[in-house]
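This report describes selected parts of one structure in plain terms. The sequence and the model come first, and the description follows.

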Amino acid sequence: GMHQCNPENDTLIITEGQIDSLSVSEAGFENAVSVPTGANGFTWVPYCWDFLGKFKTLIIFGDHENGHITLLAEMQNRFHGMVKHVREEDYLDCKDANEILRRYGKQAVADAVARAVPVEDERFKKLSEVQRRDLTQVPIMSTGLPELDAKIGGFYFGQLIVLTGERGKGKSTLGSQFIAQAANQGHPCMCYSGELPDWMFQEWFDRNCAGQMHINNRRRADGYVDYLIDAESVAKIHAWYDDLIILYDDSVLAGRSEPEALPEVVRKAVTQYGSKVILLDNLMTAIRDDTARDYYRQQSEFVRQLADIARQYEVIIFLVAHPRKTNAADFRNDDVSGSGNITNLAHMVLNYTDPRDKEDPGDRILQVAKNRLTGRTLQKGIPLWFQESSKRITDKEHVFNWRYGWESPEETDSGFSDINMDIDDDLEIPF
């Protein structure tokens with residue numbers, strides 16, 4: 001019904017079904033539309049984003065069942081104007097607008113729309129009335145590292161996670177592997193890389209998705225080794241994450257317009273594109289330095305906005321940041337370079353760094369220096385191993401052959417192994 005709407009009328013009424021939008025139109029309202037996938041999906045939002053932006057007020061006339069109005073919660077988060085909803089009592093014990101029309105006539109539908117009320121400010125509530133939440137029921141993303149999952153329980157949605165570590169040691173690689181794991185669990189992701197061109201970010205990411213089983217090693221005459229993914233696997237990998245991963249590339253508009261503030265980019269990715277896991281690499285390139293303002297204050301505001309977005313929309317945001325020093329033995333949260341508020345505002349801080357001494361196992365260790373939600377930290381760290389060809393990082397010594405969703409069971413049966421199987425990998429190449 002979009003083509004029948006009058007953009008000069010700044011109020012839009014959204015229903016869950018076409019017969020319901022027609023019922024609202026029958027009651028005398030010109031701006032009534034229905035969503036194509038009902039309450040079961042919001043993939044339509046990016047394609048209708050400009051259309052939604054024409055209206056200041058959105059009235060939700062979804063289905064009313066068991067004291068719940070469909071569409072309301074999602075559109076309250078994703079629509080930037082005022083959101084109203086039909087009052088529960090005005091449904092007159094009916095399910096939707098069409099049932100009201102059939103049982104009570106046009107006036108009842110018109111009254112329901114006219115008496116729609118704004119969503120109450122839920123920020124104010126009695127503490128005693130807060131709905132208890134079982135931590136075991138909070139949505140979690142597996143880290144893809146079984147030992148880390150066992151220590152911290154995975155990454156909980158609604159968190160800003162700062163990932164730090166010495167330059168050139170692989171923290172960006174670990175961050176992109178977390179994105180691959182998120183996609184493998186069906187979570188839409190958004191990535192920003194301020195240091196790598198889009199094609200290089202894609203190449204490194206694809207190698208992680210491919211694994212050594214699908215990578216050919218080619219040695220040049222000068223001895224340098226190229227790692228090439230076979231073309232068939234590349235096509236399957238891209239088809240697999242086609243609807244799961246978007247990349248924000250601000251170089252596209254370089255010189256043509258003012259760069260958009262990255263927190264607003266993240267908010268757009270979450271609201272318009274439905275992203276649930278975000279990777280921002282890294283803090284130093286993410287902030288547009290305004291020489292007229294204090295740089296540390298800019299950092300604090302930037303991180304605070306990210307933490308608010310993570311909490312408001314229940315998404316996971318990974319923010320890569322450089323440290324001031326890299327000694328794992330006495331690493332503290334304040335060792336992250338920049339404003340002290342970076343780690344104060346973060347929900348979790350991970351430090352990916354060298355082992356304490358040469359006797360320690362692994363190429364790196366991963367420390368959990370802060371964990372606000374459960375309080376479980378890991379100062380000693382867990383040992384991790386790295387494979388250059390596939391850009392994979394594992395907590396099981398030389399076991400890099402886990403499988404992502406793009407691969408068929410036949411490929412696994414023919415030799416590709418699961419991460420939980422103990423298999424030695426002779427192709428591991430250390431840093």
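Helix H10 (residues 262-273) has 12 residues and spans 15 Å from its first C-alpha to its last, close to the expected 16 Å; the expected span is 1.5 Å times one less than the number of residues. Helices (H or I, at least four residues) and strands (E, at least two) are DSSP runs, numbered from the N terminus. This is a predicted model, in which local features need pLDDT of at least 70 and side-chain atom pairs count only at pLDDT 80 or more, while totals for chains, interfaces and linings use all residues. Residues are numbered from 1 along each chain as its sequence is written, and side-chain values use heavy atoms, with hydrogens and water left out.

H10 is largely enclosed by the rest of the structure, because 9 of its 12 residues are buried. Buried means under 20% relative accessible area, exposed over 50%, and partly exposed in between (1.4 Å probe, protein chains only). Among the buried residues of H10 are Leu262, Arg267 and Gln272. Just after H10, Gly274 has a positive phi of about 75°.

An open sheet of 9 strands follows the order S14-S11-S15-S16-S10-S17-S18-S19-S20, with mixed pairing. Two strands pair if DSSP finds at least two bridges between them. S14 (245-248) and S20 (392-394) are at the edges with a single partner strand each, so one side of each has no neighbour in the sheet. On average, neighbouring strands of this sheet are turned by 25° against each other, direction ignored. Axes are lines fitted to C-alpha atoms, for helices over the stretch in contact, and angles run from 0 to 180 degrees between N-to-C directions.

Strands S18 and S19 run antiparallel and are joined by 4 bridges; Leu366 has Ile382 in S19 as its bridge partner. Helix H12 (residues 295-313) packs on the sheet, and its direction makes about 155° with that of S16. Contact means heavy atoms within 4.5 Å, and H12 touches these strands:

| Strand | Residues |
|---|---|
| S10 | 160-164 |
| S15 | 277-281 |
| S16 | 316-321 |

The largest nonpolar core has 47 residues, and Phe155, Phe318 and Leu366 are among those with the most contacts inside it. Such a core is a set of buried Ala, Val, Leu, Ile, Met, Phe, Trp, Tyr and Cys residues joined through side-chain atoms within 4.5 Å. Helix H7 (residues 171-184) gives the most to this core, with 6 residues.
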